[in-house]
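User: Hi! I'm new to reading protein models and would like some help with how the terms are used. Could we go through them together?

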Amino acid sequence: MKQKKTTIAVIGLGYVGLPLAILADKKGYRVIGVDIDQSKVKLLNQHLSPFGDKKLSRKISKSAIKATTDFSKVKTASIIIICVPTPVYENQMPDFKPLENACKSIAPFIKKGQLIIIESTVNPGVSENFILPILEKKSNLKGGEDFFLAHCPERINPGDENWRVDNIPRVIGSLENKGLDLALKFYKSIISGKIKPMNNLKETEAVKIVENAFRDINIAFVNELAMSFSRLGIDVTNVISGAATKPFSFMAHFPGCGVGGHCIPIDPYYLIEYAKKSDFNHDFLLLARKINNQMPKFTVEKVLEGLNEKGIAINGTKIAVLGLAYKANVDDCRETPSIKIIKYLKEYGAKVVTFDPFVLQKSSAKSLKQVINNAKAIVIATNHDLFIKEITSDLLLENEVYIVIDGRNCLDKEKFLKAGIIYKGIGR
Ligand code: SAJ
């Protein structure tokens, strides 16, 4: 007799929820995907990807995920996994509205014995003090007894082919042991990476914030070095590569035109704001954020320097910004530094044109040739493989472009300098 498939419901079919839903489907679960975006649901039920990711499209075409906007469908699931975004407002305060709405939408349909897992990134205390009361109130059930609540912070790394949702190690915490056991059993059934049980929800919530704040402060460290070494005439990327020969106690990070994405520039603010409630100021985390937020302006200063060396005023001059996505070879523009670079250039009166092969719908030019045509300077804001391959000194000279600002230090500086092109990197 064929064993009945366990049904799981994934709430939020974005960069986190969709890969998880596809993986669970592949591992033999019956998967219901719930999203508020009707167009995304329609595409998925036609086995089409709502994202540009070709690999994901192929996996979707082979999956049996049932997508819906109807939250009542979660009542048939044994496990409900919430993977909705947790952005920050303009003032960097955490915006829990998507998470609150998701919890309020599923709560009326929670059944006894169900396990609810939060994958969204939240600061310590949110699962117990914010999410649990919503679930209990709207379901008239008791968390930890009638239903179980666990937290397993997402660790998706968009574009990474080595570390994927099926093999990235995870941490899990819960209100109590039964929930922890159920969650461990689920994740061990779909993930080959190590699954580490934590002592409680707060520790688990803190893990994700700490791992991303770690990255943010390390990027800020090299960004500050870049601004300092830029004045000292020292190539910071060579120095970092030298330091990286030390086989222990050093982890290379690299300076750039800014820190984007849905995790790194956002997660530290969760801890900064939460700690304030206990009258503690994370001065160091905040300083790192300020340094990283300076980088788009620093990049535009390099544009001004380059134009100045050619005696060109920026006002009315065409500047090509290459790259809108926040990191290489993805189409995600959340918190992308490019937006600030474009804003500052426009404030100086530049005529800005943009091109990103992964984000064509937002690009003002539709090809590399078009964006470079008649530009007096180009700014590499995203180190897409295409740019590294196609942006050569010959191409620039053919188009009479004599200034290149390499916001990701991804081009061969020496080649451009030899060709008589003004090359300015970030700290090199
Ligand atoms: N960046 C730098 N210098 C660096 C590394 C990154 O300026 O040395 C910039 C990138 O250009 C980008 C931003 O920082 O604008 C974020 O880059 P990222 O490589 O950290 O990419 P993310 O945002 O996709 O980070 C994810 C995170 N994964 C999760 O949150 C689950 C992060 O924890 C990972 O450390 C990161 O991938 C990774 O290691 O690639």
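User: What makes the ligand's nitrogen atom and a backbone atom of Phe-254 a polar contact?

Analyst: Happy to help! First, this is a predicted model, where local features need pLDDT of at least 70, side-chain atom pairs count only at pLDDT 80 or more, and totals for chains, interfaces and linings use all residues. Residues are numbered from 1 along each chain as its sequence is written, and side-chain values use heavy atoms, leaving out hydrogens and water. Now, a polar contact is a pair of N or O atoms within 3.5 Å. A nitrogen atom of the ligand lies 2.7 Å from a polar backbone atom of Phe-254, so the pair fits that rule.

User: How do you know that the side chains of Asn-212 and Arg-408 make polar contacts with the ligand?

Analyst: The same cut-off applies. For Asn-212, an N or O atom of the side chain is 2.5 Å from a ligand oxygen. For Arg-408, an N or O atom of the side chain is 3.2 Å from an oxygen of the ligand. Both pairs therefore count. The protein covers 84% of the 740 Å² of accessible area (Shrake-Rupley method, 1.4 Å probe) that the ligand has on its own.

User: Where does the ligand sit, and what makes that place a pocket?

Analyst: The ligand sits in the largest pocket, which means that more than half of its atoms lie within 2 Å of the pocket's grid points. On a 1 Å grid over the protein atoms alone, a pocket is an open set of points with protein on both sides within 12 Å along at least five of seven lines. This pocket holds about 1,200 Å³ of space, a volume filled by probe spheres set on the points.

User: Which residues line the largest pocket?

Analyst: There are 36 of them, each with an atom within 4 Å of a point. Asn-157, Arg-215, Ile-219, Ile-264 and Lys-327 lie nearest the centre.

User: What is the largest cavity lined by, and why is it called a cavity?

Analyst: Its lining is Leu-18, Leu-44, His-47, Ile-60, Ser-63 and Ile-65, around a volume of about 30 Å³. It is called a cavity because a 1.4 Å probe fits there but cannot get out.

Definitions and conventions: A polar contact is a pair of N or O atoms within 3.5 Å; within protein, one must be able to donate a hydrogen and the other to accept it, and residues adjacent in sequence count only if both atoms are side-chain atoms.
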